[in-house]
Each structure stands twice: as C-alpha cells, then as structure tokens.
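Ready for a few exercises with worked solutions? Have a look at the structure first, then work through the tasks at your own pace.

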2 protein chains.
Amino acid sequence: MPNGPETCVIEGMREVWECYRGELNAVEDQIRQNLDSKVALVNTVSAHILNSGGKRIRPLLLILSARLAGYNGSHDILLASMVEYIHTATLLHDDVVDHADLRRGKTTARGLWGNQASILVGDYLYSKAICHIVGFHNQDVNECLSMACRKMAEGELMQLSYKDQANHSEREYLKIAEHKTGALIAAACRMGAVLADADPLQRDAMFRFGQALGVAFQVADDTLDYAAQREVLGKLLGKDLGEGNVTLPLLHVKQYCTESERQRLAEIMETDEGGDGNFVWITALMERYGSIDYALATARRYIEDAKGCLDAFEDSSHKRALHVIADYMVARDH
Amino acid sequence: MPNGPETCVIEGMREVWECYRGELNAVEDQIRQNLDSKVALVNTVSAHILNSGGKRIRPLLLILSARLAGYNGSHDILLASMVEYIHTATLLHDDVVDHADLRRGKTTARGLWGNQASILVGDYLYSKAICHIVGFHNQDVNECLSMACRKMAEGELMQLSYKDQANHSEREYLKIAEHKTGALIAAACRMGAVLADADPLQRDAMFRFGQALGVAFQVADDTLDYAAQREVLGKLLGKDLGEGNVTLPLLHVKQYCTESERQRLAEIMETDEGGDGNFVWITALMERYGSIDYALATARRYIEDAKGCLDAFEDSSHKRALHVIADYMVARDH
C-alpha cells in the first residue's frame, strides 16, 4: 500500500480520502456484495440509495477508530459496511417521514418506488445489518449497536413531538441531535475501539468522541439550512422551517428578539408559511441577533470537546486524520 | 398455581387460555413495564397498538415451546414479550404500507397519529426488542431472531413485487407466507427450545413446527378474506383484492377457470376495481371451482405437518396445548 496511512502526511480531507482509499474501496465492495437478496426490488432500491453520493463518514470513522486503537485485522470493513446499511435504513425511513422527493439532488427512493418500498427496504437493510452484526459474536458490539438504533428512533420521535412548536429548550434540542445523529456515530467509533480490544476508558473516549462529532454535525447542518448557498449544500434552504423543525438558530433568535418579532415568528410557525418572504425575514433576524454565529460556535465547541477525547490515545497519523475529519464535520462545503 | 398447565385437562382453546393465564398475564406486565421511554409519544402510540386486541399467539407459542422442551425458568416471559414487540413493529409498518385505517375494528395508529409516528414507533419497538434480546447473551437467540426479521422484510417486499399481478406461482405465494408470517412464529418456537437447551434436532423440529403453523395461518387468513362473515373476522372482506394482493384462492381459480373468465379476472385486477359487484362475482367463481376449499385444505395440510414435528417430544399437557393451538390457527372464529 504505497498510499497507506503510515506513509501519508495528512494536511486536510484530501489526504484523508487519499490515504484510506484502499479501506474505503473495500467498504464499497462489501456494501455491494451484501446486496444479495433473491428479491430484485430489494437490491434495486438498496443500490439506489446506497449509491446516492453518501460520503461513508461513519465507515471511515469506524475504521480510523479501530486503527487508532491498534487494530490490524480486516473485520472492520464488514462492520463499517453494516453501520452504513443502518444509516441508509434510517435515510429511507426519514425520506418517508419528511415527504422528501430529493436527497443530495437526486430523486429519493420513495419518489421512484413509493413509500411502501422505502419503508420495507429500510426494514430489510436494518435487519440484514443486525444479522451480520450478531455474526461477530461480540456482546459489546451487539449492545453498542442496538442501543444506537433505539436512540436514533427515539431522537426522531422527540423531534416529531416538538414539531411546529418552539417551546423546547436548547438542552432538549441538543438531546435530539445527540440521539438522532450522535448515537450511530458514537457507536461506530466505539465499535472500532472494541474490535481493537481497547480498554474500557478508551472505548468510552471513542464513544464520547463520536457522540460530540455527531451533535456538532447536526447543529452545523441545521444552521447551514438558514445560511448556506443553495448550490453548496445541494438541498433546499429553509427545509427545516417548512417542515416545522425548530433548530438551534431559531431557538436562539426567539430568545433574544423583541416581543413583536417573537409574535410574528410564532405566527409563521403556526400558519406553516415558510414561504420565501418569511424565510428572508427570519434569516435577517438571525443575522441581527447573531444566531447563526452562535449556533456555529456551539458546533465548534462540540468539535473541540471531541478532539479532547482523543487525548486518551498516542499521536499517530490516524489521530491526525480524526482531527481533520472533526473539523470537516462542521465545514460548509460538504 | 391451581390452574397451572400441570393440573389442566386441555380440550380446546378455552382451557389453553385458562391454563396459561398466569404466563400470559406476566407477558402483559412485561410488555407494559418496557414501555418506559422518556418520550411520551413513544409510549402512547406503542400502548395503543399493543393493547389493540392481539391474542399474544407468538408469546404463547414461545412459552409453550420452552415448557414442552423442559424449561422451568422465567426468562421465557421477557423473550416472549420482545417477540410481541417485533410483531407489533411489523403491524405498525404494515398499516402504513397498506394505507390501513382500521385494525381489528379500531382506528390504526397511523389514523390517529399519522404515518410518521407509525413508522418511527415501529422502528423504536423493533430496536428496543433487539436491545433486550442481545441481553440474553445467547448467540442462537440472536441469530434466530435477526434472521426472522430479515425474512419478514423480504416477504413483504416479495409481496409488493407481485402486486397487481397474478402471474406468480402457488410455490411463490407459499414462499411469501413462509417469509412474512412463518419466519417470526418459527423463531418464537425455536427460541423456546433454545431456552430449554434442547438438542439441535428438537430446535429444528420446533422451527419447522412454527413455520408450518405460520404458513397455515396466513393461507387461512387470506382465504377467509373471500369467505368469512364480515362480523366474524372483524375486517373488511375483499381487502387483499382491493390492495392488489394475489392470494391462494385467486391463484387457484385463475388456474381452473375458462379463458373468458380469466380475462375478466385480469381486467378487474388491472383496473383496480375490487368493488362489490366484482367481489361477489369472484367469490361465486371461487365457489364453483372449489378454490376456497382447496386453499383451506392446503392450510390444514400445513397444520398436520406442524403437528408431526411435535413427535420429536414426549406427550405432555404442553404438547396437547400446542396441538389445540395448531387447529385454532386455521379456525374461522378468531
């Protein structure tokens, strides 16, 4: 492996993708190989969503966590692929829940094959992943993964409970992010350490690393929904507002704006009018009260916490790569 | 336990419910106790569907299978409850997939709280069950259950693939029933034997028992959709026809009717007109060609096969109870 991580000097994400290309290609092969259902519809729908441009961040984090903790085997590839299956299953269900027609600029599976196929292929990918995961005969892996799945479902349900309301706290908002996004990334990082047979403190450190990374990613993603260029993010701006999801910038602005502004905000939320005019007014309000900056600073704070968790490990190119990925999670250009 | 199975003379289902009432009550307690999410919506939706009049046949079969194989512990109660959680999760997703507004005469969860809550609470119950199941630290249980979940999803997807077509074979139809209904019942029965530490042959016998029972139940249920009294079954007749699901009586009649009858059948399927007139015509056609009788005889054949699997065990009141349940699975009055 002339380009293997041992010989790499990692400056930014370009080098990370480059250095771990071999591992990531192995993950792609594994993802493809396991689409072996005898039911053609399963493979077609699964392949569509699995090839829809995901960055494989969770597999990469699992592999890097394993290597950081000294793992030299090859089981990380299968485990990483199954984490991606689970992530993909949640995307299929999310698209149905959100009535989404586009994901990363492409027509969603539900747009092409309907809600029924999306729900059922989600169930299939999830249970297929569990089948492979129990094949590891590792209690820690089983518990880690099943808890993550439970937390993800709970996180989505918390979000649904708060829909169209802006009366939950920042703390509750962060709890949702920790559940719906942090849980699986935390599990991926922890399972890497488990594969390496790392000690309990290191396993916990990797769990906290992944969890903080996940929260940071979610906060940044929610914030960019109000701030990014349409072209850059490849998704419609104001999506959360239209869906009644109240995220950090909105919670912040609501806390600091005047009473009359608060009233207009409430009216917009109630009447479900996330139209262009209202959206522009809200983003201007956020600009005035520094809500975007506040939310992005919150995301960056989680990233710094995450990096601190890696102090439990000696310096290495893998650690350097994890630092780079941490910064990348809150960058505007992915 | 004055009414415990050891002192019971089991004549029919009345005595089965009576004799295992203690165990079934323990299952109810366990089902309730585990609805302990901090998210109120989770508990509300879960409680609605879990209390919607299900007979707890799967928990009962698991417990009886364990007792048949000599198990005297109490872990069967938790495991049985988790099988019911998984079954309930599939019902929540099925209702969304089928656009169902009623289940057992009551408004469905999706009717009350929408598709979003139904999908996500399904995901929650499923992952919650997996969390508890991996807590058994039993590889056989893990594999048995995860395989059943994969097969159920595949079975639903097979059915979706064949929708609105009547060009699949009886063999393929039975494969769907084996997957979508047989798999979880087979797993429940096998896991009972696993808890009892039964030998591999007995574990397999219980798997085959449950699988045959599941297929028989599905065939009977599909057939009663064309034959039962509306009051008796508590569901709308002709539901499958309306949804484009081609089941055994329809496959049979299509095989034996005249060319012009076959053409009218195809037109009804194509134009999606499962209206009353067409439905009456189809049931009369099935009557004429003995399709209902054929399908019910097929179900009974599976029941006899299932009973044969129990020869691997000595006679006992538990075995007698399992025979009674087997007959009950294809009876018209549940």
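**Exercise 1.** At what angle do helix α4 (residues 57-68) of chain A and α5(A) pack, and how far apart are their axes?

Before we solve it, some ground rules. This is a predicted model, where local features need pLDDT of at least 70, side-chain atom pairs count only at pLDDT 80 or more, and totals for chains, interfaces and linings use all residues. Residues are numbered from 1 along each chain as its sequence is written, while chains are lettered from A and ligands numbered from 1 in the order in which they are written.

*Step 1.* The angle between α4(A) and α5(A) is about 150°, and their axes lie 8 Å apart. (Axes are lines fitted to C-alpha atoms, for helices over the stretch in contact, and angles run from 0 to 180 degrees between N-to-C directions. Helices are DSSP runs of H or I with at least four residues, strands are runs of E with at least two, and both are numbered from the N terminus.)

*Step 2.* α4(A) and α5(A) are therefore roughly antiparallel (the word for angles over 145 degrees).

*Step 3.* The crossing of α4(A) past α5(A) is right-handed (the near helix is turned clockwise from the far one by less than a right angle).

*Step 4.* Leu62(A) and Ile63(A) are among the residues α4(A) brings to this contact, and Leu79(A) and Val83(A) are among those from α5(A). (Contact asks for C-beta atoms, placed from the backbone, within 7 Å.)

*Step 5.* Sorted by class, the contact of α4(A) with α5(A) has seven nonpolar, two polar and three charged residues. (Ala, Val, Leu, Ile, Met, Phe, Trp, Tyr, Cys and Pro are nonpolar; Asp, Glu, Lys and Arg are charged; the others, Gly among them, are polar.)

**Exercise 2.** Work out how α5(B) and α6(B) are arranged.

*Step 1.* The axes of α5 (residues 75-97) and α6 (residues 109-134) of chain B come within 8 Å and cross at roughly 150°.

*Step 2.* So α5(B) and α6(B) run roughly antiparallel to each other.

*Step 3.* α5(B) passes α6(B) in a left-handed crossing (anticlockwise this time, by less than a right angle).

*Step 4.* Their contact holds 14 nonpolar, six polar and three charged residues.

**Exercise 3.** Describe where chain A and chain B meet.

*Step 1.* Chain A gives 34 residues to the contact and chain B gives 35.

*Step 2.* On the side of chain A that touches chain B, α7(A) has the largest share, with 14 residues.

*Step 3.* That side of chain A is made of 19 nonpolar, nine polar and six charged residues.

*Step 4.* The copies meet through the same surface, because 100% of the interface residues of chain A are also interface residues in chain B.

Definitions and conventions
Two residues are in contact if their C-beta atoms, placed from the backbone, lie within 7 Å. Angles under 35 degrees count as roughly parallel, over 145 as roughly antiparallel, 65 to 115 as roughly perpendicular and the rest as oblique.
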